[in-house]
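Visitor: Please take me through a close look at how the pieces of this fold pack together. I would also like to see what sits in the loops between them.

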Amino acid sequence: MKFVTHLFKSIAAPIVTVSLLLGLFVGSAVAQQSGLPINAAASVNGAIITNDMVEQGIKMALSQGQKDSPELRKAVIQKYIEVMLLSQRAEKDGLANSEKANTQLILIRQNYLADLELATFMAQNPITDADVQAEYNKELGSLGPQGMIVEYKISDIAVASEADAQAALARIKKGEPFDKVAKSVSLAPNKDQGGAAGWVQIGQVPPPIAAVLTNLAKGQVSPAPIQMQQAWYLVKLEDKKSTKPPTFEQAKPAIRNGLAQRKQFEFLSQIAKESKIVIQ
């Protein structure tokens, strides 16, 4: 049964996730006889949908290309109502305490807290315009006498362990196409595209991958698995080209994104060094 309207097909999953994370079923706040409580947009069987939740849902919709309008607000509220109705029925049917539900809720909470920690860290340690300008000047200075930027077209495979990466690498060394292996074993979102990741510059990829990438010839695959914090990678250099550097204004978004990724990687690496990690 399709209970998601056409307008909200693109944001149904995020709203469900946020609902769970924010505690959509906040206690059992009962609507006052004179109307809904302050900051309440709606209620379902006494459980409150707050205006703050609705505003967050609207922001999600806007970030995905929806246009702000009264109809959008109504659609967000309706989506929350649908989610609440189904979740309340799931509670009634005893699904909330199932092992599957508990596992998913734990994963959702952990992912949300991880994203929140990174967002908080970046808010406290923002990438400034001065940082971006300095990086731009640094990159220009490293181009050499020809003043050209080197770009790399890459594909990658991400797996959970070094053993899995070694097994994938062995298949590739025996002649199996990289894209076929990627579709078979990769955990990355681009697995269906054979691991294709498009064109990148060195500053746009994590340092461990960048160090390997610069030493690959066209068509080569990383000679050994590359260890990252959450996965092991194999990288293939599909192509390589030199282009004229963009202006500072053109380069700002990419540089800012690259600096943010670098800062997040360094932050996560530092946390990992301070932690005890055991992998079976």
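Guide: A word on names before the walk: helices are DSSP runs of H or I with at least four residues, strands are runs of E with at least two, and both are numbered from the N terminus. You are looking at a predicted model, in which local features need pLDDT of at least 70 and side-chain atom pairs count only at pLDDT 80 or more, while totals for chains, interfaces and linings use all residues. Residues are numbered from 1 along each chain as its sequence is written, and side-chain values use heavy atoms, with hydrogens and water left out.

By that scheme the protein has 9 helices and 6 strands. Of its 280 residues, 32% count as buried (under 20% relative accessible area; exposed is over 50% and partly exposed lies in between, with a 1.4 Å probe and protein chains only). Among contacts (heavy atoms within 4.5 Å) with a separation of 6 or more, 66% join residues 24 or more positions apart.

Let us start near the N terminus with the loop that leads from helix H1 (12–21) to strand S1 (40–44), where Asn39 sits. Asn39 is not a glycine, yet its phi is positive, at about 70 degrees. Most residues other than glycine have a negative phi. Asn39 is partly exposed because its relative accessible area is 33%.

A second asparagine shows a positive phi too: Asn45, with a value near 55 degrees. Asn45 belongs to the loop that joins S1 to strand S2 (47–50). Its relative accessible area is 70%, so Asn45 counts as exposed.

Now for the packing of helices. Helix H2 covers residues 51–63 and helix H3 covers residues 70–92; they pack at an angle of about 115 degrees, and their axes are 9 Å apart. (Axes are lines fitted to C-alpha atoms, for helices over the stretch in contact, and angles run from 0 to 180 degrees between N-to-C directions.) H2 and H3 are therefore roughly perpendicular to each other. On that scale, 65 to 115 degrees is roughly perpendicular, under 35 roughly parallel, over 145 roughly antiparallel, and the rest oblique. The H2 side of this contact consists of Asn51, Met53, Val54, Glu55, Gly57, Ile58, Ala61 and Leu62, and H3 answers with Leu72, Arg73, Val76, Ile77 and Tyr80.

Met53 of H2 deserves a pause here. With a relative accessible area of 6%, Met53 is buried. Its C-alpha lies 8.7 Å from that of Ala41, a residue 12 places away in sequence.

Moving along the chain, we come to helix H5 (residues 129–141), which packs with helix H9 (residues 248–273) at about 105 degrees, the two axes being 9 Å apart. These two helices are therefore also roughly perpendicular to each other. From H5, the residues taking part are Asp129, Asp131, Val132, Gln133, Glu135, Tyr136 and Glu139, which meet Phe248, Ala251, Lys252, Ile255, Arg256, Leu259 and Arg262 of H9.

The loop between H5 and strand S3 (149–159) holds Leu143. Beyond its neighbours within four places in sequence, Leu143 is in contact with Met148, Ile149 and Pro245. Pro245 is the distant partner to look for: Leu143 and Pro245 are 102 residues apart along the chain, and their C-alpha atoms are separated by 9.0 Å.

Our next helix pair is H6 (residues 162–173) with H7, whose axes come within 9 Å and cross at roughly 150 degrees. That makes H6 roughly antiparallel to H7. Here Ala168, Arg171 and Ile172 of H6 touch Phe178, Val181, Ser184 and Val185 of H7.

If you follow the chain out of H7, you reach Ser186, in the loop that runs from H7 (178–185) to strand S4 (196–200). Ser186 counts as buried because its relative accessibility is 2%. Leaving out residues up to four places away in sequence, Ser186 touches Asp156, Ile157, Ala158, Val181 and Lys191. Val181 is a good residue to end on, as it links two of our stops: Val181 takes part in the meeting of H6 with H7, and it is also one of the residues that Ser186 touches.
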